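Got the viewer open and a selection box ready? Let's take a walk, one stop at a time.

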Amino acid sequence: MISLSDMRRARILVVDDEPVNVQLLEYLLKTTGYENVISTFDPRQVVALHLKHRFDLIILDLHMPGMDGFDVMEALKPLESDSWLPVLVVTAEPDKKLAALEAGARDFIGKPFDTVEVMTRIRNLLEVRLLHRESLDYGSELERQVRERTAELARFRGAMDATPDALFLIDTASMAMVDVSEGACRMLGFSRDALLRIDPVALGLASRTQLERHMGVAAQGGRPEPDIVETDLLRAGGEGSVPVEISWKLQDPEGQRNAQRMLIAVARDISERLQAQERLRHAASYDALTGLPNRTLFFENLRSTIELAQDKNWRVAVLCITLDRFKVINDSLGTAPGDELLRQFSTRLVRCVKVRDSVGRLGGDEFALILTMPREQQDAVNMANEVREALRLPFDLDGQQAALTASIGIAMYPDDTIDPGTLVKYADTAMVRAKEAGRDGYRFFTAGMNVQVLARLDLELALRGALADNQFVLHYQPKMELNTGRIAGSEALLRWNRPGYGLVYPAEFVPVMEETGLVVRVGDWIIDEACRQIAAWNAAGVRDVRVAVNVSSRQFVEGDLEEVVRSALERHGVEAGLLELELTESALMQNAERTTVVLTRLKALGIRIAIDDFGTGYSSLAYLKRFPIDKLKIDIAFVRDIITNPDDAAIALAIISMAHSLHMQVVAEGVETRAQMAYLRRNRCDEIQGFYFSRALPAAQLATLVVSNRANPDEPPEVIDNVQTLLIVDDDMNVLAALHRLFRRDGYRVLTASSSSEGFELLALYHVHVILCDQRMPVMSGTEFLSKVKEMYPETIRIILSGDTGVEAVLDSINRGAIYRFYTKPWDDMALRDNIRLAFHHYWMTHGPYDDRKVPREDGDAAHGDAPHPGSAHHAPLK
């Protein structure tokens, strides 16, 4: 044990170039009882003095002329065989403390001096130094002193409590703590009693195996391992843990029988040191300018990503990005604006990927991204385009605007390589190729992957020249008024007459125009060309042909639509009422307030406004009421199955009803059959557009069609609702023929269908009153067919005629009201005729009196005859 007299006899050297500091320290030391205190103002004498006196403590100022404290410590290291420098540094600069410890100092004190702290640290360091020296030179003496200190636990506790470190005494027999220092209580926030009740393993001092190893060494007469171990100790109240470094010592009272053997753990709080180390690690792993992972950390992240991708069967793309013309900006504006540009670009880059660790700065103006994806490579293309798009907006460099583009190289794991370093190398090679190819583009490393990407790039490049080379043309699809059969106008549809490819349809190139922003310029050209064509038709005598033009979302948001329209009308001398603009719901709802202003101004010019693809996007009916809209266009998705799908029919009819209530017209697009047209006409749709009437035509052919239509409009047939119409649906042709012969003698218009789809078509074409349907049919049963009919044509009388004895589904349909009656096969002619007469009688009683002045036309499906008189049914319905 280190006695007070030993400590007072300790040799102490004070080194400081300031006499007042030397005098103060000498005074404190000597008045406290330290007897051997030597001082010097010249740091160059320290080595010689230490060789002569072998000091137990050197109190060393860090900042001295000629030779600073770091140089002194470096000179002292050869004199200490174990590199244990007994140096206590003095400094007024907090950031130098960590550097001093790393240089070999044991502890530090700050300026101005805190007397208690100075004397405590001197005492602690002297004690540690003397213990250290004695442990090396006089092991047996140290063990004797430890036994004495254990026997005098009260006195030893005072020494324990004086140190800021945490000391723990553990009984080797029970592996329980028998005493702790006050420093341990302060460090962990426990009371002494609470701390003594905690198991050392649970507290975190060591694992059970480590404790047993320490005790096993002690049992064999050895000493615990002298190595200092870092661990975390539990803090009170569940407030986390305290990082510490722990050294172990064994207290073995030799010569005392049945004496208690103790393990002593000394724990020092290293939170401040770890924080400093973390700052150093961050500086070593992250780019100081942009805050992104540097090259070293990026490769570590890439390696981890590839290891995960191997387990998940993912692909990994590495994108190497270099800023085109960065050197020009850096040289012309200076390095400070250049650094600011790199910072702003790194921020935009992180916004693209949303995960900072997936981005890295490899050096200079070269960046890299890590992208995990499924088996398709399109995600890499989309990310490259996002990065390019992020550069579109100019950078603000202290009031100076700078616009840049990027060249991007892409390499894929595992397609190109499985090695992270090689993957980055390949991406870098592809980046160089992209730069050589003209910049502002991207390239894949392998030729196989480049085929599709090059085709897209070729398409994009061709599109950029298409407008200048007059390769775009407009075709016009006519719209027909259902009430008059006259052409009400047309829609201008873009076509690309690409050299070497012929006529290219919009689906192949419009998405590329949307992504690249070309759609704004091309959209302006379409408006101008449509107005030019209207003027040309007017000059040729084909007047009053209204043309609708689609306006993309980007054109509506980014372009000056009002000015483009106004200029086109004035340039070609066209009436505003002949131009119609079609916008989607999503375009209108992006900024509802701005939309209202723009549409109001366009309406003031006399332009007609239509909402295209209505029902497929998001819109607010409150805003719809506020917008100055003239037309709604029912999307083809609701028209395609409008005569067979009750849901599509209900949506279409709701749109028609709502539009008419808001004083808007309705156009149905994608009409391809006569039945669709008839159904829409019956339900008061205003106009149709689709292949049934006409495909999109060149301007000259449309003019010819308009002239022909005006001379001989496609007038709708006369609707005769009061002709008693019976629809028979059966997949057996013999049954159809027999029933047709049976009922035509009663004067009905008899329609026959061999399938449910034919039945739906006839229902759309004719006003049917009674339906007689077989139950067992392919694709759709009779009850399923009539259930849909009930939703679409609820006024019809629906009857099942079937030889199927399984009637559960039929009864359920009757109970739900989908079926009026159920009759069985084979039938009795007279009874069936009477029951059909009763069905017509029920229809007219429900929906109004029958006008027998109307008789059916004589055609293949109907025959003339006297109007039937209601009779009594001979076949009662099933209950």
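What follows is a short tour in four stops.

This is a predicted model, where local features need pLDDT of at least 70, side-chain atom pairs count only at pLDDT 80 or more, and totals for chains, interfaces and linings use all residues. Residues are numbered from 1 along each chain as its sequence is written, and side-chain values use heavy atoms, with hydrogens and water left out.

**Stop one: a pocket**

Select E491, L493, R495, P506 and N550: of the 38 residues lining the second largest pocket, these are the closest to its centre. The space in this pocket comes to about 1,100 Å³, the volume being the space filled by probe spheres set on grid points that are joined across faces, edges and corners. (On a 1 Å grid over the protein atoms alone, where a 1.4 Å probe is used, a pocket is an open set of points with protein on both sides within 12 Å along at least five of seven lines; lining residues have an atom within 4 Å of a point.) Now colour the elements that give two or more residues to the lining, among them β18 (472–481), β19 (487–498), α20 (506–516) and α21 (518–539). Helices (H or I, at least four residues) and strands (E, at least two) are DSSP runs, numbered from the N terminus. By type, the lining splits into 16 nonpolar, twelve polar and ten charged residues; here Ala, Val, Leu, Ile, Met, Phe, Trp, Tyr, Cys and Pro are nonpolar, Asp, Glu, Lys and Arg charged, and the others, Gly among them, polar.

**Stop two: a two-faced helix**

Next, pick α30, residues 699–711. Which of its residues are buried? They are A699, L702, A703, V706 and N709 (buried is under 20% relative accessible area, exposed over 50%, partly exposed in between, with a 1.4 Å probe and protein chains only). These sit on the same side of α30 because they cover an arc of only 130 degrees around the axis, taken from the directions from the helix axis to the C-beta atoms. Flip the view, and the face turned away shows exposed A700, T704 and A711.

**Stop three: cis peptides**

Go to Y413 and P414, whose peptide bond is cis with omega near 5 degrees. P414 is in the loop between β16 (406–413) and α18 (420–436). Then jump to K825 and P826, also joined by a cis peptide bond, with omega about -10 degrees. P826 lies in the loop between β31 (821–824) and α35 (829–847).

**Stop four: positive phi**

Finish on N313, a non-glycine with a positive phi of about 60 degrees. N313 is exposed, at 56% relative accessibility.

Conventions
The expected span of a helix is 1.5 Å times one less than its number of residues.
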